[in-house]
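The following exercises invite the reader to work through a protein structure step by step. Each task is followed by a worked solution.

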Amino acid sequence: MGALESAVECVMPLHDMVWNRAFVKRFGASLFHHGQALWIEDLVRNQFGERVALYFAFMHHYIKWLKWLALFMLVFYIIVRNAHWPTYQIMLMFLGFFTPTLWGTMMARCWHRRTKVLSLRWGRDDVTHDEFPNVHEAHFEHRYNPVTGENDKIYDPKNNRLKVMVYVGPIIAFNMLLLLCLCIPFVQWYMFGKMSPTCRCCEFYLSSGLGNGSVLPNATGLVIPKGCELDKYHKFDTSVAAKECTYWRLCFNSASNIVFVTDRWYYILFQGIALGLIMDVAQFELFRLLTAALVRRENWALELEYQQSLIRKQFFFMWYNMYFWFFIIAFAYVPFGPSIQEMLKDIGFGWIVPSWGWKNKVINIDEAFVTPMVATQSINLTLEAFVPLLVTAVALRTARRWRQMRKTLRWEQGHTVSEAVQSRGDSATESLVHQLAKSKNPVHHNVSIHDTTPDRNCYDASEVFRQSKLGVYDTHGDYLDMMMQLGYICNFTQAWALAPVAAIVNNFLEIRSDAFKLCYGSRRPVPRPDGDVGEWQNTMYAVPLLAIPVVSGLITLATGQLDRISGCAMGEEEMAPNLSCLLWGTRLLAAIVIEHWGFAIAAFVVYFVPSTPGHIVQALRDKKVLLNRKIQNTFLPGVDEETKRNLRVIFEHYDQDDIGFMHRGDVLRVLGMLQSDNAPPLTEDQVEALYHRVDISSSGTVSFAELSLALVYAESDFIIRSILDIESLPARITFLAMQLSGSK
């Protein structure tokens, strides 16, 4: 076997490209129709297994819920925002509040119910995740067990899990410091883009000796151009004043940042792209590798335990890493921007403070979110969807041309597959055919060599090698991306009404790229039986719950919505708080009340919407009853069919729970009814003795098989016969069954 083992590079199933092409072709329009989506779920499950099918089922469920939210928010944004800003801001407060508390929680709950439907439909309701061992290099030791006398596997013998718990604290502290070092320069860079004046105003300031607006020397009679008023600036010391007007660094041609129109918007877009590459790509990969390394050191015995630990750690780190930029803008720069600039200047970082000062009412929370959020999501979509699609398409085209050329060469030169394999240059594989031919092992002689695979795809060796070099398809990263996107929606719809719209556009492209990646960009997955999505279900519940405190903070501190509804003086199209209007105690009290109301609504949804639909509960109960009956029937004594049928009528009448068992009181009632009419009432000792004769398993309940066994042998059992005083048991059973049937 040495030659065979050295020649095997990979053991994997091959793609059925005929099926894949038909599937991808029909996949595009199928998600818009519910019936077609159900067809996709079953089709993917039959081809790739439940684990992959559950991901596509989740994406369909998520898109179905998201599209109605996105449509409503789009109409609301177009109509209400342009009609009356104060109404838009107040209504957005309520809509943003109900997005995580009601929509997010209901979406997660209904997906939980959906998994129960799918698991029953696919026959996976009895699958448990603890059946699969951890395959990620879990370290264990064999230790002698004096009780069993055998050697047991002891995982994590060096207590690495405790060490990892100790490591996590310093890692979190280091990560927070790293985020501050990365985000503060980016935020200040963003402030430069928002605060810098137009080049016309900049030239006017310098020529008039106005510095950064801290003083107005000899300004009497000075004609200030429109839009260059200095009273809008928060005044800083002139030590940070600009000395020049460098275009696209210290000034711009436009005063606003209109999308796709002004140079200032392109400047902020460039910042968003740079932020996305660092925060959404670099740090994402860094912490993905870091958390995977930490979880591997924990040496979990089961795949379930490994996945739970990995998902929790990755979600925790990614959650505050991905949103840190938005948190620092919302809860620091929007309400306390001028104070932060003063602090930076005082500690020696005046060179990153906006050169012309802080312009009040310029940083609005909705504008601060839009460009960075869209830019980061676009980068994610490009790197995870379009780039793999492009690379795979080029690889497929190249592979088709290469196969055609190889086919032509083999036809012209009479090459066999062994020569084609030898041309690859692998010495171990090169000699495989010859060594198998010489082998005396009869198994080796049954190995057949083909020029192409014996199926409708007719793959040659080059295509098999190409598929072996592809990566393994894994839904873990896709689920994590969707959880982060769900966090954007639940956290920040409060500030930007079009967040669900951006998400639905992304998802319509994302799921198609996932289908393409599954069929062409990765190896064919080995089917894996799964009844649910595991720890990701708990993560779906966690996302809206974590968003509730964020939303309460946005309402009371960042968006100005509490100020607006309280009647504070607010500017038109202004989404920033008026800190001089409400007391801090009032804001804190409002935040606590809003947060508690949010948790109460989420708890209400979880409590009153069961995780398993009623018809699934009944179906599972019926399935359990049928299984119990099958088991019982294997132990039934020899009873004629008529007696068995009548006894079944009696049993089902008293099996009120329909679980295949009768309780003690029902059993004693049946035995009492089977007594002869002239028999005296049973004493307490007789009842106890009789019940123990019937309850053979001493379980406290009696199955149909136990009841049948006891009654069939009643005539030969001295104790039962003397207690019940039965002359003809079959006749008594028939009489009682007729009575119960007539009473219905």
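The model shown is predicted.

**Exercise 1. A cavity and its lining**

Task: Determine which helices each supply at least two residues of the lining of the second largest cavity, and which classes of residue that lining has.

Solution.
- Step 1. Begin with the helices: α10 (365-413), α16 (476-492) and α17 (499-520) each contribute at least two lining residues to the second largest cavity.
- Step 2. List the lining itself, which is formed by M373, Q377, Q485, Y488, I489, A499, A502 and A503.
- Step 3. Sort by class: the lining of this cavity has 6 nonpolar and 2 polar residues, with no charged residues.
- Step 4. Place the cavity in context. The structure holds 4 cavities of 30 Å³ or more, and the volume of the second largest is about 60 Å³.

**Exercise 2. A nonpolar patch on the surface**

Task: Identify the residues that make the nonpolar surface patch of about 590 Å², then decide whether I78 is buried, partly exposed or exposed.

Solution.
- Step 1. The patch is made by W68, L71, L74, V75, I78 and I79.
- Step 2. Locate one of these residues: I78 belongs to helix α4, which spans residues 50-83.
- Step 3. Apply the cut-offs: buried means under 20% relative accessible area, and exposed means over 50%. I78 has 47% relative accessibility and therefore counts as partly exposed.

**Exercise 3. Positive phi in a loop**

Task: Find the loop that holds D156 and state whether this residue is buried or exposed. Do the same for N159, deciding between buried, partly exposed and exposed.

Solution.
- Step 1. Recall that most residues other than glycine have a negative phi.
- Step 2. Consider the angles. Phi of D156 is near 55 degrees, a positive value in a residue that is not glycine. N159, also not a glycine, has a positive phi of about 55 degrees.
- Step 3. Locate the residues. D156 sits in the loop between β2 (150-155) and α6 (160-195), and N159 lies in the loop between β2 and α6 as well.
- Step 4. Classify them. D156 is buried because its relative accessibility is 9%, whereas N159, with a relative accessible area of 40%, is partly exposed.

**Exercise 4. Salt bridges**

Task: Determine which residue forms a salt bridge with R124, which one forms a salt bridge with R312, and where the partners lie.

Solution.
- Step 1. Recall that side chains of opposite charge can pair when their charged atoms come close.
- Step 2. Take R124: its salt-bridge partner is E50, with 2.9 Å between the closest N and O atoms. This pair links distant parts of the chain, 74 residues apart, with R124 in the loop between α5 (85-121) and β1 (140-145) and E50 in helix α4.
- Step 3. Compare exposure within the pair. R124 counts as partly exposed because its relative accessibility is 26%, while E50, at 4%, counts as buried.
- Step 4. Take R312: it forms a salt bridge with E535, and the closest N and O atoms are 3.1 Å apart. Here too distant parts of the chain are linked, with R312 in helix α9, E535 in helix α18 (residues 535-558), and their positions 223 residues apart in the numbering.
- Step 5. Classify E535: it is buried, since its relative accessible area is 9%.
- Step 6. Finish with the wider count: a search of the whole structure finds 18 salt bridges.

Conventions: Residues numbered from 1 in each chain as written. Predicted model: local features only at pLDDT ≥ 70, side-chain atom pairs only at ≥ 80, totals over all residues. Heavy atoms only, no water. Patch = residues over 30% accessible without salt bridge, like charges linked within 9 Å, V, L, I, M, F, W, Y side chains within 5 Å. Areas by Shrake-Rupley, 256 points an atom, 1.4 Å probe, with all protein chains shown as cover. Salt bridge = Lys/Arg side-chain N within 4 Å of Asp/Glu carboxyl O. Helix = DSSP H or I, 4+ residues; strand = E, 2+ residues; numbered from the N terminus. Buried < 20%, exposed > 50% of the residue type's maximum accessible area, 1.4 Å probe, protein only. 1 Å grid on protein atoms, 1.4 Å probe; cavity = no way out; pocket = protein on both sides within 12 Å on 5 of 7 lines; lining within 4 Å. Points joined across faces, edges and corners; volume = space filled by probe spheres on them. Nonpolar A, V, L, I, M, F, W, Y, C, P; charged D, E, K, R; others polar.
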